[in-house]
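Take a walk through this model, one stop at a time. Keep the sequence at hand as you read.

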Amino acid sequence: MCGIIGVIGADDVLLTILEGLGRLEYRGYDSAGVVLSGHDGLWRCRAAEGTHSVSDLRGLAEDAPTRPGSGVGHTRWATHGEPTAANAHPHFDCTGRLAIVHNGIIENHVELSDRLVAAGHVLVSQTDSEVLCHLIESEMADGASLSDGMRRALGQVRGSFAVAAMHADEPDLVVASRRISPLIVGVGDGASFLASDIPALLGSTRELFALEDDQLAELRPGAVQVMTLDGAPARATALSIDWDVAASRQGGFDDFMTKEIHEQPTAVADTLLGRCRADGALVLDDASGLGAADLRAVERVCIVACGSSYHAALVGKYAIERWARLPTQVDIASEFRYRDPILDEGTLTIGVSQSGETVDTLQGLREARSLGSKILVVSNVVDSSMAREADGVLYTRAGPEIGVAATKTYLTQIVALEFLALVLAQARGSLSSTEIARLMDCMLGLPDHLDTVLERTKDVAAVAQALDEARDFFFLGRHVGHPVALEGALKLKEISYLRAEGYPAGELKHGPIALIEPGTVVVGIASRNDLWEKMCSSIQEVKSRGATIVLVGNDGDEQTAELADHMLWVPRTEPMLSPVVDAIPLQFLAYWLAKAHGHDVDRPRNLAKTVTVE
Ligand code: F6R
């Protein structure tokens, strides 16, 4: 999704912007641009993908002003208008003296644009963002300052925005504001910064603050002043940063996805670290605002999430229902708040989101809160928007994930949710302390199993090579294997662009089996659990229709291997924890097939890392 960085007062403004944009590339983008304050007005350069990317901006920036005092950069993920240079940000007003970058969607842009055009403004792009620039221009026509112009303009806007603006008449000022779309500001040594995401600023300052909805910040060299859109003084929320710059670099691996897959044993261990006390008590984060009494009062659980986080949530449902005996529903966040959900004070609503910024999940949680529900967030980003609004937070401690396709954040979400299921079970007394201790031991043993599977990447590469002509994939699983199948299919389509569907194996006979024919690849999650025999029956059914069978199975399980054309071996674990281990060969399978088809695994087409628009 779009990325923003703004810098004022730094020694090398342009370099800081380009490096920051480079660190935002992982969010996914299709064009990029920069605006700098120069001696005779603003200087801008923009590049669209296909011809240029952020690294190519460096070349285009050769004629940039020397020692600019301030500047703003942007990576765009197209929503309104194609990914062309003309639609790339920064956008100018009619005079070319006012520039803005914007993330989010201006929902009433057509109405605003009609009004502005009627008043004589000339808009040159197809974007909703450019409208905002002209709206600020029109609000400054009476001599108002940039801040006042922005405040008045934003008062007329419906939708979401993180916006930063500069004006040639006020070169020592950058003004920024947000609603729904995230924006952080930072101060350091005579300079000030803003960005849509923490990694962009990790190399510049660690004194970072999150702007809240409808706050506006005036950035001057070394100083940031925050106020509300009404002009009243306000405070942004200080952020605790425990990531370092090295964690957001590639560190010798071929790509971020490989690095992040290999970081999973550590990420899982870190997520559980210190959460089981010597006396067997399980603890949520210290900062958790949900105490034992709150947990005991929970009558049912509702989980909202999108994409891979939704799949992790489905695993969480099995664990919470089985161990804590609490009825649990899982909702796709983009649908949740539009279906008039029935929640109350007895409902614990859990938002699962690695970024903590996904707008559908964030808005779903707000809906749940308005209905009286307590909110718990499972997030990988400390002090993310969701974390700040929640009653309690359970952080996955996976470190920054740069590859667009979720890997280590997904795995740690499963672990966090299964841990939460045990916390709830302990609070409610639905499992004996012996059983909780046994399950916790199994969880703590997961990193060793993951290390074992990671050594098998070359075996999976060989399977991928044998399948490189295949175009249609079905992923089948039962029970907790079902979400594993869904995630395996999602990973494959995301990075290899192959058609892949995930199904509960028992559902196959109710329609999808019509699509099975020689050449179709069926990937079955056949690690041992109570439904293993039923799973094998489904595999027999597709095998007898000519499908090529790839099975995830437990080491040494020859009965499973007899059904398969290709095996993806994994160590045997406690069945409820098997999704953690079973996910890895499917990540590798997607990876090697994507590589075989020549795709960029870190930046798959059309995708964004953090989805901050509906
Ligand atoms: C898939 C993927 C996405 C995200 C989804 C939710 O690899 O990364 O499906 O899982 O966009 O994002 P978060 O977890 O940030 O809310």
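Which helices and strands each supply at least two residues of the lining of the largest pocket? They are α9 (307-324), β17, α11 and α17 (481-496). Helices (H or I, at least four residues) and strands (E, at least two) are DSSP runs, numbered from the N terminus.

The model is predicted: local features need pLDDT of at least 70, side-chain atom pairs count only at pLDDT 80 or more, and totals for chains, interfaces and linings use all residues. Residues are numbered from 1 along each chain as its sequence is written, and side-chain values use heavy atoms, without hydrogens and water.

Now turn to α11. This helix has twelve residues, 359-370. At 1.5 Å times one less than the number of residues, the expected span is 16 Å, and the end C-alpha atoms are indeed 16 Å apart. Its buried residues (under 20% relative accessible area, 1.4 Å probe, protein chains only) include Val 359, Leu 362 and Ala 368. The buried residues of α11 pack against β15 (300-305), α10 (333-336), β17 (347-353), β18 (374-379) and α12 (385-389), where contact means heavy atoms within 4.5 Å. After α11 comes Gly 372, with a positive phi near 100°.

Last, the cysteines. The whole structure holds zero disulfides (pairs of cysteine sulfur atoms within 2.5 Å). For Cys 45, the nearest cysteine sulfur belongs to Cys 133, 17 Å away. Cys 45 is buried, at 8% relative accessible area. Why is Cys 442 unbonded to Cys 276? Its sulfur is 12 Å from that of Cys 276, the closest one, so the gap is too far for a bond. Cys 442 is partly exposed (between 20% and 50%), at 25% relative accessibility.
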